[in-house]
Amino acid sequence: MGEQAQLPLQKRPSRRATLTVTQLVRTVRETLELTLDEFWVTGEVSNARGAPSGHLYFTLKDERSAVNCVMFSSAYRRLRFKLADGMEVIVRGRVNVYEARGAMQFYAEEMEPRGLGALQLAFEQLKQRLEADGLFDPSRKRPLPFLPRTIGIVTALRAAAIRDILTVILARFPKLHLIIRPARVQGPGAAADIAEAIEDLNRDRRAEVIIVGRGGGSLEDLWAFNEEIVARAIYRSAIPIVSAVGHEIDYTIADFVADVRAPTPTAAAQIVVPSMRELSRRLEETEATLEGAIAGVIGGYRKEVGHVGARLRYPLGLIRDARQRADEAGAALTAALLAGAAASRRRVRELGLRLRGPVAAIREGRLSLSRIAIHLRQAATVPARRFGPDLERASARLEAAGRRAVEIRRARFAALATRLDSISPLKVLERGYAVVTTVRDGRAIVDAATVAPGDELQIRLKRGRLRATVNSREP
Amino acid sequence: MEKSSKKFEEELQDLEAIVTRIDSGELSLEESIGAFERGVALVRSLNQKLDEVEKKVEVLMRDAQGELKTVPYEPAPATDESGAEDDELP
């Protein structure tokens with residue numbers, strides 16, 4: 001301050017003049033105002049306190065000196081970080097005198113933390129505070145809907161970001177309902193506007209997920225997304241929110257609060273909307289897997305049925321065998337019956353032949369009778385008168401005897417015919433008898449000696465057949 | 001809207017569960033075929049759902065009374081990445 005500290009000669013008070021306090025203080029003040037320009041002063045903050053008026057009072061000090069400082073509310077409102085005692089700051093302002101107390105004060109216009117920039121510090125401070133309030137709690141992060149049908153978008157209407165988002169979303173899934181709630185994304189009021197937009201989409205209630213974001217920019221450009229009002233609006237939103245601010249490397253407070261952080265607006269669109277092509281493919285694949293699965297199941301069962309069927313073939317064979325044997329036995333039975341019938345027929349013929357005996361005898365009798373009669377007539381010609389009546393009587397008796405013999409033979413034949421009918425095998429079966437044949441060759445069994453224990457027999461009843469095994473045998 | 005989208009995801013999960021169950025071989029043939037038929041119905045329903053929504057882009061804004069209203073979106077020429085001219089917007 002060397003040269004500037006030299007007061008102009010005309011301003012030097014006369015040694016002999018007596019000044020009032022007010023004059024003294026004013027003189028000092030005016031001198032300072034005239035001679036001292038703005039400074040950047042660095043020091044440590046102590047005794048910082050806000051006044052009800054909105055002004056901020058603090059003391060700036062170093063190892064040897066201290067100076068009272070005031071930051072009027074108009075400047076204090078622009079301060080983005082929270083001032084705390086012990087903080088090293090750089091302050092821009094002017095030095096002046098507070099006339100009421102004659103005290104030198106530093107009037108701060110702007111303040112930056114040392115080391116970090118003000119925004120950086122503000123960011124860290126808000127982040128810590130919101131984290132402590134649970135706004136970043138991973139457990140409150142909601143899953144995004146798998147296939148949202150209605151998507152809310154909060155961004156500037158005229159920026160590239162909205163174009164990118166729309167392009168990507170509609171390319172991925174052409175049929176969607178998008179509701180854009182335009183918001184200023186930088187400059188004064190941007191944070192409030194973004195918060196309001198989030199609230200409006202919640203009031204509207206149609207969106208199932210909201211993308212909040214903007215394209216890249218400087219830290220100052222992105223600042224609205226570091227404001228507490230935006231963080232709180234995201235936290236309050238009933239609809240899940242995807243933040244999409246700036247570029248990959250930019251992290252904002254909004255990113256920490258949001259349910260999902262997308263590195264860019266384009267990425268947000270990809271995160272929020274599934275690709276219809278991929279979904280269709282996944283569906284097709286699942287459908288193919290489904291068909292493969294059922295084909296596998298059916299194939300498996302078919303194989304099993306095949307195994308069971310192979311096992312079923314054995315009884316089928318048995319049945320076939322049995323049927324064949326039944327056929328054979330039937331044929332044997334028929335043959336036996338036929339044989340029996342033939343024998344019976346033969347017998348009937350024989351009987352018939354034998355029956356012919358008496359007839360022939362009668363005929364012969366008649367023949368001999370007629371011969372006798374001739375002899376008798378020849379004989380009678382001579383003693384006819386003598387023997388005539390006797391001969392007549394003998395002849396009549398003879399005729400009667402022959403007739404009687406025929407009657408008797410006829411009656412016997414009828415009886416035989418009846419008996420023959422009763423011994424037909426079918427009649428026999430009707431009466432509870434059975435035909436027993438061997439299973440082996442269908443032979444009718446008439447002699448116990450022709451079978452051995454263990455032989456299989458078939459028993460033909462009037463209705464149906466039985467199969468039996470010989471247990472034992474008695475001659 | 002919310003409901004139908006949840007249904008899509010659920011149906012897709014159901015479908016995949018059905019495939020897994022059929023694949024597991026734990027089901028009888030009748031159950032497998034029943035599950036398969038349900039699966040086919042799900043595939044059909046899911047495919048329908050993919051085509052369900054009409055494309056619509058709207059802008060949500062407040063009218064003079066502060067009531068929300070939606071108007072169709074008409075793409076405006078973009079200014080710059082920052083959206084710096086957004087002050088003009090309502």
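Which strand of chain A pairs with β1(B), and in what sense? In this predicted model, the partner is strand β7 of chain A, residues 177-182. The pairing is parallel and runs over 4 bridges. Within it, A:L178 stands opposite B:V57 of β1(B).

This pairing belongs to a contact between two chains. On one side, 45 residues of chain B take part; on the other, 52 residues of chain A. Four elements of chain B each supply at least two residues to the side that touches chain A. Two are helices, α1 (2-24) and α2 (29-50). Two are strands, β1 (56-62) and β2 (68-72). Helix α1(B) gives the most, with 11 residues. By character, the side of chain B that touches chain A divides into 21 nonpolar, 10 polar and 14 charged residues.

Strand pairing also occurs within chain A. Strand β2 (residues 56-61) pairs with strand β3 (residues 66-71) of chain A in the antiparallel sense, over 6 bridges. A hairpin of 4 residues joins β2(A) to β3(A). A:L60 has A:V67 of β3(A) as its bridge partner. Strand β3(A) also pairs with strand β5 (residues 103-113) of chain A. Here the sense is parallel, and the pairing covers 3 bridges. A:V70 stands opposite A:Y107 in β5(A).

An open sheet of 3 strands is found further along chain A, in the order β11-β12-β13. Its pairing is antiparallel. The edge strands are β11 (435-438) and β13 (465-469) of chain A, each of which pairs on one side only. Neighbouring strands in this sheet are turned by 30° against each other on average, direction ignored. Strand β12 (residues 456-460) of chain A meets β13(A) over 5 bridges, in the antiparallel sense. There, A:E456 stands opposite A:T469 of β13(A).

Helix packing was examined for one pair in chain A. The axes of helix α4 (residues 160-172) and helix α8 (residues 265-272) of chain A come within 8 Å and cross at roughly 25°. Because angles under 35 degrees count as roughly parallel, α4(A) is roughly parallel to α8(A). The crossing of α4(A) and α8(A) is right-handed. From α4(A), the contact is made by A:A161, A:D164, A:I165, A:V168, A:I169 and A:R172. From α8(A), the contributors are A:P265, A:T266, A:A268, A:A269 and A:Q270. The residues of this contact of α4(A) with α8(A) divide into 7 nonpolar, 2 polar and 2 charged.

How values were computed. Residues are numbered from 1 along each chain as its sequence is written. Chains are lettered from A and ligands numbered from 1 in the order in which they are written. This is a predicted model: local features need pLDDT of at least 70, side-chain atom pairs count only at pLDDT 80 or more; totals for chains, interfaces and linings use all residues. Axes are lines fitted to C-alpha atoms, for helices over the stretch in contact, and angles run from 0 to 180 degrees between N-to-C directions. Angles under 35 degrees count as roughly parallel, over 145 as roughly antiparallel, 65 to 115 as roughly perpendicular and the rest as oblique. A crossing is left-handed if the near helix is turned anticlockwise from the far one by less than a right angle, and right-handed if clockwise. Two residues are in contact if their C-beta atoms, placed from the backbone, lie within 7 Å. Ala, Val, Leu, Ile, Met, Phe, Trp, Tyr, Cys and Pro count as nonpolar, Asp, Glu, Lys and Arg as charged, and the others, Gly among them, as polar. Two strands pair if DSSP finds at least two bridges between them.
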